[in-house]
2 protein chains.
Amino acid sequence: MKTENGNREIAMHRFVTETLSRKDALGEVASGLLFPWPLETKKLSLVEAIGSRLAEDVFAPEEHPPFNRSLRDGYALNSRDIIGASTGAPVFLKVKGSVPMGVQPDFSLLPGEAASISTGGFLPEGSDAVLMIEDTSLLGNMLEVRRSLQSGENVILKGEEIKIGDRLLSKGSLLDFRSINLLSAFGFSKVPVFRIKIAVISTGDELVPPEMKPLPPGKIRDTNSGMIASILQNNGFSWTCEGIVPDDPSQLKSRVEAALEGNDVIFLSGGSSVSARDFTSEAIASLEDPGLIVRGLNISPGKPTLVGGNRRKRKLAVGLPGHPLSCAVVMWTFVLPLMISMATGQIDTERNVFKKVVLELAKDLYGRTGVEEFFPAYLENDRIVPAIGKSGYIASMVQATGLVRVPVDQETIRKGTPTEVWLW
Amino acid sequence: MKTENGNREIAMHRFVTETLSRKDALGEVASGLLFPWPLETKKLSLVEAIGSRLAEDVFAPEEHPPFNRSLRDGYALNSRDIIGASTGAPVFLKVKGSVPMGVQPDFSLLPGEAASISTGGFLPEGSDAVLMIEDTSLLGNMLEVRRSLQSGENVILKGEEIKIGDRLLSKGSLLDFRSINLLSAFGFSKVPVFRIKIAVISTGDELVPPEMKPLPPGKIRDTNSGMIASILQNNGFSWTCEGIVPDDPSQLKSRVEAALEGNDVIFLSGGSSVSARDFTSEAIASLEDPGLIVRGLNISPGKPTLVGGNRRKRKLAVGLPGHPLSCAVVMWTFVLPLMISMATGQIDTERNVFKKVVLELAKDLYGRTGVEEFFPAYLENDRIVPAIGKSGYIASMVQATGLVRVPVDQETIRKGTPTEVWLW
């Protein structure tokens, strides 16, 4: 059921009363806050840009390869000269010379001629294939050819792979070894990357800074700030951690306002108490225009997720569950796609975040119908093993290589069933 | 066939004559250079350490959780008080008070008493389970309980997940959101990480710096330096790029010696000509004690890989193939495991680098027997599609999410066959 974002009442009571599917929530936030936003970008050299997200589509300024290249060590020749060549009936070609590496050869081949060439060498005019060195013998100046070749064999032609104007990379791509390789092949020395400003605040009376030792009775260390920072950093976003705010509505509201002055996005990693969730909801609602947009996701874990912001000032605020596993699940399955949507306007961006595979489940998984569920899981002998502690608190996450997803209309999945896995 | 490292002759001729399997090569280098090495480490704060590799095993200094915690919003109670409770025969408990977040409650529960508690709250003395708020009604000061609970239901006991002295993380682990979360939960504010010094040099007369425009005829931009740097950086290693050296044996040798003065490791991304490979081989051999150890890997692509070093000075040198796809395959399947072996002494470290799965092959793959082959591949509808261009030069790698591995004793694999995939 779709509702008007602006007309919703703020849920100030004890339970999330209306949850949205991840997809609907992404759509409502994107339309409610008018994504994509014109965000700050910065031009960085390629090696500085490693691990950032590209702020523009990139198109090929040249064709590739830039010239006809040999793919082997051997002899450049014309395939028509050696039609029918075999061990029993070899063809002899005259070796005209050797193609030096890194320059265009200053000679052409005439019929009956060949030239030695290395992998990567510039194919001389008059040749269309390269015979591998293993298939020849050199007798003085004459090359004995014992097999025929197709035109184009062991060579790659100028422009064969990529034409001028082909799209090389899309806006929002995470720059890794593959994209850096591609960009440098085309002579890009700098690329624009997003510089989204994200502040991370933890809330809750029970939290103390992670370095506090010994732990006071009843307190728990703030593990979520560092975890959120780490997930952001490994996915091409920068961040600042702004510490812990107690469960006090006016303090929280003023800290949120202050943080949003200098940032585009604020993450509130929620205190685990009901009142803390109410305070977060209130702080996000106070941003107005439209204020609170999502007051709960129909996923487990991760239901008490809140999203809102201010459309005109272009500010996004996300209230994350306090439980570390819930927080991690929401960060990966919802917040990272949301951030990419903010930057690019694309909605269906899970595939930019996860490697989705289907693997055999190694043991029964007890789910519920009516909610999309995610279970941390690890790979073992090519099957996927759900790592379910009773608490799901810490031990289950540290060994997980991703999440098993149980769609909203499924419940128990039996051992041996091919099952959807999202690897991070 | 195992051979004595020290007694090998240096292969100065045109072909790699003796290749080793990846595993044998890792073993020979580790024993030849006496891995693990006592490498430089540095203590960093947790957020600074994101993306680095841990230099020590880490053990739990405390138990976890630090106290009996509620996993739900609801009422702490003693499960013996509500045995047999049901909708038809509810049990009534007296609500003694409310557990504040973040402190140890200053009261205990007597038989017949309950206390309201939030997720994460400290279980009061006298309680052993938490009833979810949905399963109750409050009638004034009395709680109507309509179901029974097991002892321990919806709570996690002090020390239930992790005991003092349990190993939390192993030396060599890549610090990501999971490990940062775990370390901060246990109050670690700083951790030691490896600071291995790696220099990357590209060699080849045909190479020009990636920013050169227009590209002179016959030249090719150096894409491997940035790609190697990116692979290292995303896998927890730092690097410096030292530019391009032409195919000149004495220049190469002096640049290698200079680079090894200030670094532990040097990568020589090879020129693609035969003579360039010979010069690299010669430069590595000149390190002596033992000099050249591996003069070729029995993998495709990636055969012309050279490894050597100096045992006494603790210097490692790797000659990488010039072809970008070959270079990437060798970096992922061999060099990253080799670096982890250097730091930790472990040999079988592929699983620290790849996510290994078995997926259905989407189209026939033509391999060869006698060599371990890797094909770049991408995920599509939960199957794996080999991305094989004729050249494998650029386009095939940029879309790949990993490598299909064809073991040494296999050749063609038919469409539909479950196939080994190493996702990066």
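**Two helices of chain B, α4(B) and α7(B), run roughly parallel to each other.** "Roughly parallel" is used for angles under 35 degrees, "roughly antiparallel" for those over 145, "roughly perpendicular" for 65 to 115, and "oblique" for the rest. Everything shown here comes from a predicted model: local features need pLDDT of at least 70 and side-chain atom pairs count only at pLDDT 80 or more, while totals for chains, interfaces and linings use all residues. As for labels, residues are numbered from 1 along each chain as its sequence is written, and chains are lettered from A, with ligands numbered from 1, in the order in which they are written. Now for the helix pair: α4 (residues 224–234) and α7 (residues 324–344) of chain B pack at about 25°, and their axes are 10 Å apart. An axis here is a line fitted to C-alpha atoms, for helices over the stretch in contact, and the angle between N-to-C directions can run from 0 to 180 degrees. The crossing of α4(B) and α7(B) is right-handed; that word means the near helix is turned clockwise from the far one by less than a right angle, and left-handed means anticlockwise. On the α4(B) side you can find Asn224(B), Met227(B), Ile228(B) and Ile231(B), and they meet Pro324(B), Cys327(B), Ala328(B), Met331(B) and Trp332(B) of α7(B). Sorted by class, this contact has eight nonpolar residues, one polar and no charged. (Nonpolar covers Ala, Val, Leu, Ile, Met, Phe, Trp, Tyr, Cys and Pro; charged covers Asp, Glu, Lys and Arg; the others, Gly among them, are polar.)

**Helix α1(B) packs on α7(B) too.** Helices (H or I, at least four residues) and strands (E, at least two) are DSSP runs, numbered from the N terminus. Helix α1 (residues 22–32) of chain B makes an angle of about 30° with α7(B), and the axes sit 10 Å apart. So α1(B) is roughly parallel to α7(B). Their crossing is right-handed. Look for Arg22(B), Ala25(B), Leu26(B), Val29(B) and Ala30(B) in α1(B); across from them in α7(B) are Thr333(B), Phe334(B), Pro337(B), Leu338(B) and Ser341(B). The tally for this contact is seven nonpolar, two polar and one charged.

**Here a helix of chain A, α3(A), packs against a helix of chain B, α4(B).** The angle is about 160° and the axes are 8 Å apart. That makes this pair, α3(A) and α4(B), roughly antiparallel. The crossing of α3(A) and α4(B) is right-handed. From α3(A) come Phe177(A), Ile180(A), Asn181(A) and Ser184(A), and from α4(B) come Gly226(B), Met227(B), Ser230(B), Ile231(B) and Asn234(B). Four of these residues are nonpolar, five are polar and no charged ones take part.

**Zoom in on the place where chain A touches chain B: 79 residues of each chain are in contact with the other.** Two residues are "in contact" if their C-beta atoms, placed from the backbone, lie within 7 Å. On the chain A side, the elements that give two or more residues are α2 (46–49), α3 (177–185), β15 (220–221), α4 (224–234), α7 (324–344), β22 (355–360) and α8 (395–398). The largest share, eight residues, comes from α3(A). By class, this side of chain A has 38 nonpolar, 26 polar and 15 charged residues. The copies meet through the same surface, because 100% of the interface residues of chain A are also interface residues in chain B.

**Turn chain A by 180°, with 0.1 Å of shift along the axis, and it superposes on chain B with an RMSD of 0.1 Å.** The two copies are thus related as by a two-fold rotation axis. The superposition is by least squares on the C-alpha atoms of residues with pLDDT of at least 70 in both copies. Which residue of chain A comes closest to the rotation axis? That's Leu359(A), with its C-alpha at 3.9 Å.

**Last up are some backbone oddities in the loops, starting with the cis peptide bond between Lys213(A) and Pro214(A).** Its omega is about -5°, and Pro214(A) is in the loop between β14 (207–208) and β15 of chain A. In chain B, the bond from Ser300(B) to Pro301(B) is cis with omega near -10°; Pro301(B) belongs to the loop between β19 (299–300) and β20 (306–310). Glu288(A) isn't a glycine, yet its phi is positive, near 55°. You'll find Glu288(A) in the loop between α6 (274–285) and β18 (290–294) of chain A.
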